[in-house]
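Reader: I have a structure open on my screen and would like to walk through it with you. Could you start with the overall picture and then go into the details?

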Amino acid sequence: MAALPLHDPVHIFALVMLVILVVPTLCRLARVPSSFGLILIGIVLGPHGLALLERDATMRLLGTVGLLYIMFQAGLEIDLQEFLRHRGNSLVFGFLTFIFPMALGIAAALLLLDLGVLPAVLLGSLFASHTLLTFPTVSRLGLARTPLVATVVGGTMLTDTAAFVVLAAVAALSRGDSSLGFWVRFLVSASLASVLALWGLSRLGRWFLRHAATDDTVEYVFALTAVFASAVLLQVAGLEPIIGAFLAGLALNRLVPENSILMNRIRFVGNALFIPFFLITVGMLVNPRLPFESHDAARVALVMSGVALLSKAMAAGLTRRLLGYDRDEGGLMYGLSVNQAAATLAAVMVGFELGLFSEAVVTGTVLMILVTCFAGAWVTDLFAGRLARRQVRRSFEGSAPCDRIMVPLANPATAGALIELALLLRRPGSQEPLYPAAVVPEGPHGMLRAVAEAENMLGGVVVHAVAAGVPVFPVTRVDTNVATGLCRAMTDFRAATAVMGWNGEVSSLQRVFGRVLDQLLDQSLQMLMVYRAAGPLRAVQRLIVLEPPLVDRHPGMAVVKQCLVGLSQQLGAGLHRLCLADAVASWPAAAAGAGVRVLPSWSAALSTLAELAPGPGDAVVVLAVRRGALGWQPALDRLPRQAAGRFADVNLIIAYPPEGDQAASPAAAPAAAAAAAPLVRPEDVRVDLDRTELDGAVEALLEIALAGEPQALAQVLRQCRDAAVPAPLELVPGVVLVHLHVRAAAALAESRVLLGLNPRGFAVRGSDSPASCLFLLLSPADQPVEVHLRKLAAIAGCLRDPARRRGLLEAPDAVAAAAALAAPAAP
């Protein structure tokens, strides 16, 4: 039988692990917070209970690690953009949650506890500080990145820092060291240490994760080293180690995304080991018999507990009213800020060693810690649960377009980068699995071996994704056509998004990306993210979005923008937009803090992007639409290869919005109605144009459209000559389009499409090969631009079908040409 208390490390660790296993389960059955149960079991097993455990060096070490871990996790999980955006709120809360407890604490110490001025000031600082003891509950419920929690965490750092400064001042005054030199040394060393922890760790972390991290284990060890190195640095500077741990979390915040493998491991180890150890050691401090043995200790404990509960409630209540939070948010603010633990205990022990506090104050402080920790656990669990349920309802009622993601894979070397992007696109807390997919071409030779290789590749991907805590459903298909197989897989599993890899290389024979990707663009309706990886996304600091003109008219573009806002939040990266003036206000409210640079013209887009000097720490996102969709222009097909060639060392994402029902937009109805109308009427077709120059062919078609209006025809011809006829757009080889907005033409009450065919071909400026088919799109100048764009999209959409193109170019007369365009698409 082992002697009590236990001293053998094996026995101690076995008992504590048994407690960590059993107590949270019992708490869930009893519907009480697990933090409450762990503190209570610490009282029972500690030196003032059954005396199975004593607060020796081992328990103090693990408890201190748990406290630092909580502060590190708070800095790591805070939404840094929300924190910076609402830093004024943090200042308000930090000031109120410091000044109310400080003032009430000093008054209670002087009037009710008969303490002197210095002890009273130090006691007031005990009430002002607090510990984010219940932050793991908030993190578990998915509220860690909300603006409210960002406000509370920021205010906590402000009030704790102020409390530690008061502690340093009282300690210096009690020792007789209050010279100007002391304060100068203190302020300079604390400021330098804080800047070094934030600035140095951030840059070191970015370099390490990009160049030196060989596997996930090394990344975790680096994060743990950063926590304690920063804690030591701040301790040497005269501040408490918990501030250093929090600064380490802030420094690595942008480098550890919410859904990353590293974040999952940090949470797992903390919640499973270090944080429960800390809660148990807090309980071991409490002697529940003392209030019954000493009336003085009972009186001090009652006063201190009342002041702590009341003053933090006053601060949270006034902050709620000033900042416009509702009752549940105010309750959560109170639950997070009422907990008194390690910071309070550290300060009271300093006061006891300096002779400022008696044993009764130390005992009262420990009992106050017990009361506030229990109160904080109950209140946080209650109001965090309410807010989490509200957030789930909002998420359910709103769209979650990025959740069900399929990741087609063909190259094991790029699989990790594609999975990383897919994980970042998922909404935090989503239960949807990830669908890595491999399609093997059907053939008589080597097919079984190719299937086996695909399954091996998917196996590695499954391990990678499961390590991030994400469910995975690997998909293997055999099909005669890879793109068709992928489209069928996306339809079968109802995937809303596909993340595709691209090497950035385009040959002259390829239209946009390559054969498989181009076919997938033509055949699919889902949102597509085509990704050319140049480095790890977690090291990205800027997300630069290139917005071509008119793409925001596409009904599905709102879905893409919503996903990009979520991606920037996951990365903690700044969102920067390059767009024309008319698209500035086209983004959702969540992107209100994004930087916007207005382009003078679209031709200056790539040169303006080059001025921003994007490098390995940036990701460029190009918004695009499929050929034939609303907002499409031929220039969009050239944009990916232009961007890939010019910015070779930058992560590049080409984002295509969903089409049809996938877009789920009211704009789809008028688009469908427009598509149902005949595109070209037989009377607007000329199959025997004998003009060899494109300008002459355009003039011949204008004569058809404006027959009987000589003045309008003359005016449009002058308009064409003044503009030198807008450059023709090559839709497919041999087919060009000219589109004009016509002023003052009675014959053009709405958009009109004319078609000219010449088997011998027109000479097209800027092209070595002639075109045998000319589309002329005319729209009234006062007509909404969406109508013009829909006609343009309809023309391009018709030509996606090879059978239609063949029927058009081989049409013997105008009726056959119009019928070829109206024919249903080939399956």
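**Surface, cores and ring pairs**

Author: The accessible surface of the chain comes to about 34,400 Å², and 62% of that belongs to carbon and sulfur atoms. Please keep in mind that this is a predicted model.

Reader: How many helices and strands does the chain have, and what share of its residues count as buried?

Author: The secondary structure comes to 30 helices and 15 strands, and of the 827 residues of the chain, 55% count as buried. Among contacts with a separation of 6 or more, 78% are between residues 24 or more positions apart.

Reader: Back to the surface: which residues make the nonpolar patch of about 510 Å²?

Author: That patch is made by Leu18, Leu21, Val22, Leu26 and Leu29; of these, Leu26 has its place in helix 1, which covers residues 9-30.

Reader: And inside, which residues touch the most other members of the largest nonpolar core?

Author: The largest nonpolar core has 129 residues, and those touching the most other members are Phe72, Leu123, Leu252, Ile280 and Leu332. Helix 17, residues 359-397, gives the largest share of this core, with 15 residues. A second, separate core has 77 residues, including Leu423, Val440, Val499 and Leu537.

Reader: What is Leu123 in contact with, leaving aside its neighbours within four places in sequence?

Author: With those neighbours set aside, Leu123 is in contact with Ala109, Leu113, Leu115, Met304, Phe357 and Val361.

Reader: Let me switch to aromatics: how many aromatic pairs does a search of the whole structure find?

Author: The search finds seven aromatic pairs. One of the pairs is Tyr435 with Phe473, which is tilted, at 5.9 Å centre to centre and with 45° between the planes. The two residues are 38 residues apart and link distant parts of the chain, with Tyr435 in strand 2 (residues 434-441) and Phe473 in the loop between helix 19 (447-466) and strand 3 (475-479).

Reader: Are those two buried or exposed, or something in between?

Author: Tyr435 is buried, because its relative accessible area of 6% falls under the 20% cut-off. Phe473 counts as partly exposed, because its 42% relative accessibility lies between the cut-offs of 20% and 50%.

Reader: Why is the pair of Phe473 and Phe493 called tilted?

Author: The planes of Phe473 and Phe493 are at 55° and the ring centres are 5.4 Å apart, so the pair is neither under 30 degrees, as for stacked rings, nor over 60, as for edge-to-face ones. This pair also links distant parts of the chain, 20 residues apart, with Phe493 in the loop between helix 20 (482-492) and strand 4 (497-501). Elsewhere, ring pairs link Tyr69, Phe72 and Phe274 into a cluster, and Phe72 is also one of the residues that touch the most other members of the largest core.

Reader: Now Thr151: where does it lie, and is it buried or exposed?

Author: Thr151 lies in helix 8, residues 147-175, and counts as buried because its relative accessibility is 0%. Beyond its neighbours within four places in sequence, Thr151 is in contact with His86, Asn89, Ser90, Phe93, Leu323 and Tyr325.

Reader: Last one, Leu808: what does it touch, not counting residues up to four places away?

Author: Leu808, in helix 29 (residues 802-809), touches Leu755, Leu757, Cys773, Phe775, Leu799, Ala817, Ala820 and Leu821. Leu808 and Ala820 are 12 residues apart in sequence and 5.5 Å apart in space, C-alpha to C-alpha. At 1% relative accessibility, Leu808 counts as buried.

Notes
Residues numbered from 1 in each chain as written. Predicted model: local features only at pLDDT ≥ 70, side-chain atom pairs only at ≥ 80, totals over all residues. Heavy atoms only, no water. Patch = residues over 30% accessible without salt bridge, like charges linked within 9 Å, V, L, I, M, F, W, Y side chains within 5 Å. Areas by Shrake-Rupley, 256 points an atom, 1.4 Å probe, with all protein chains shown as cover. Salt bridge = Lys/Arg side-chain N within 4 Å of Asp/Glu carboxyl O. Helix = DSSP H or I, 4+ residues; strand = E, 2+ residues; numbered from the N terminus. Core = buried A, V, L, I, M, F, W, Y, C linked by side-chain atoms within 4.5 Å. Buried < 20%, exposed > 50% of the residue type's maximum accessible area, 1.4 Å probe, protein only. Contact = heavy atoms within 4.5 Å. Phe/Tyr/Trp six-rings, centres within 6.5 Å; stacked < 30°, edge-to-face > 60°.
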